[in-house]
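Please look over the structure shown below before reading the briefing. The points are grouped by topic for a computational chemist.

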Amino acid sequence: MADEGSLDAVDVDELLDRAGFDAERSVLTRRQAEVLALRERDVRQADIAELLGTSRANVSSVESSARDNVEKARETIAFSEALSAPVRIEIAAGTDLYDVPDRVYDACDAADVKVNHTAPDLMKLVSDEAGDAVRGREVVAPILVGITGTGTVRVRRSE
């Protein structure tokens, strides 16, 4: 077998089959899935263009669109999970990030939902997922913290 990143080592159909790609159910086109599958194996855009009979610029555009679609799908899932989460906590602007874990733990206890994060881990997760809604220790824009029945924490801006 050839080195990873080499076209000789890559069977795109097999990669997509193994990953369970279904064009009927995916937000990605088959071409987008092909390009992502190859790029995730470190195949250069120029080599993908040659394989697919197109330009490197087109491969770049397809890859960019695919990554945008993946991000939109992730955002849609997070939104759906936040809406249906049994625990939802609105965190107002001006709240100290250090107060968030206790609010989450109290709400989870009341709903009999287990959250598997220590306070420092929960603060980091909230800060990371809230993006620019958290600056340092301060929540600067309202956020919604949702916890699914399985304990997954989802954070969204709520304004």
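What follows is a briefing on strands, pockets, ring contacts and backbone angles.

The coordinates come from a predicted model. In this model, strand β4 (residues 143-147) is joined by bridges both to β1 and to β5, and the pockets are described after these strands.

**Strands and their pairing**

- Strand β1, which covers residues 87-91, has two faces: V87, I89 and I91 make up the covered one, whereas R88 and E90 make up the uncovered one.
- Between β1 and β4 there are five bridges, and these two strands run antiparallel; within this pairing, V87 has I147 of β4 as its bridge partner, while E90 stands opposite L144.
- Strand β4 is mostly covered, with five of its five residues buried; I143, V145 and I147 point one way from the strand, L144 and G146 point the other way, and burial applies to all of these residues.
- On the pairing of β4 with β5, five bridges are again found and the strands run antiparallel, with R156 in β5 serving as the bridge partner of L144.
- L144 therefore has E90 opposite it in one pairing and R156 as its partner in the other, if the definition of paired strands by DSSP bridges is applied.
- The hairpin formed by β4 and β5 has five residues between the strands, and in this hairpin G151 adopts a positive phi near 90 degrees.

**The largest pocket**

- The volume of the largest pocket is about 250 Å³, and its lining consists of 13 residues, of which L15, L16, A19, G20 and F21 lie nearest the centre of the pocket.
- Helices α1 (12-19) and α2 (30-39) each contribute at least two residues to this lining, and the largest share, four residues, is supplied by α1.
- When the lining of the largest pocket is divided by class, eight residues are nonpolar, two are polar and three are charged.

**The second largest pocket**

- The second largest pocket has a volume of about 220 Å³, and the residues that line it are E71, R74, E75, A78, E129, A130, R154, V155, R156 and R157.
- Two or more residues of this lining come from each of α4 (56-84), α6 (119-130) and β5 (153-157).
- By class, the lining of the second largest pocket holds seven charged and three nonpolar residues, with no polar residue.
- R156 belongs to this lining, and R156 is also the residue of β5 that is the bridge partner of L144.

**Aromatic rings and charges**

- A search for aromatic pairs over the whole structure finds zero of them.
- A contact of another kind involves Y98, since R137 lies over the face of this ring, at 3.9 Å from the ring centre, and so meets the definition of a charge over a ring.

**Positive phi outside glycine**

- D42, a residue other than glycine, has a positive phi near 65 degrees; D42 is found in the loop between α2 and α3 (45-52), and with a relative accessible area of 58% this residue is exposed.
- D112 is likewise not a glycine, yet its phi is positive at about 55 degrees; D112 has its place in the loop between α5 (100-111) and α6, and D112 counts as exposed because its relative accessible area is 73%, where the cut-off for exposed is over 50%.

Key:
Residues numbered from 1 in each chain as written. Predicted model: local features only at pLDDT ≥ 70, side-chain atom pairs only at ≥ 80, totals over all residues. Heavy atoms only, no water. Buried < 20%, exposed > 50% of the residue type's maximum accessible area, 1.4 Å probe, protein only. 1 Å grid on protein atoms, 1.4 Å probe; cavity = no way out; pocket = protein on both sides within 12 Å on 5 of 7 lines; lining within 4 Å. Points joined across faces, edges and corners; volume = space filled by probe spheres on them. Nonpolar A, V, L, I, M, F, W, Y, C, P; charged D, E, K, R; others polar. Phe/Tyr/Trp six-rings, centres within 6.5 Å; stacked < 30°, edge-to-face > 60°. Lys NZ or Arg CZ within 6 Å of the ring centre and 35° of its normal.
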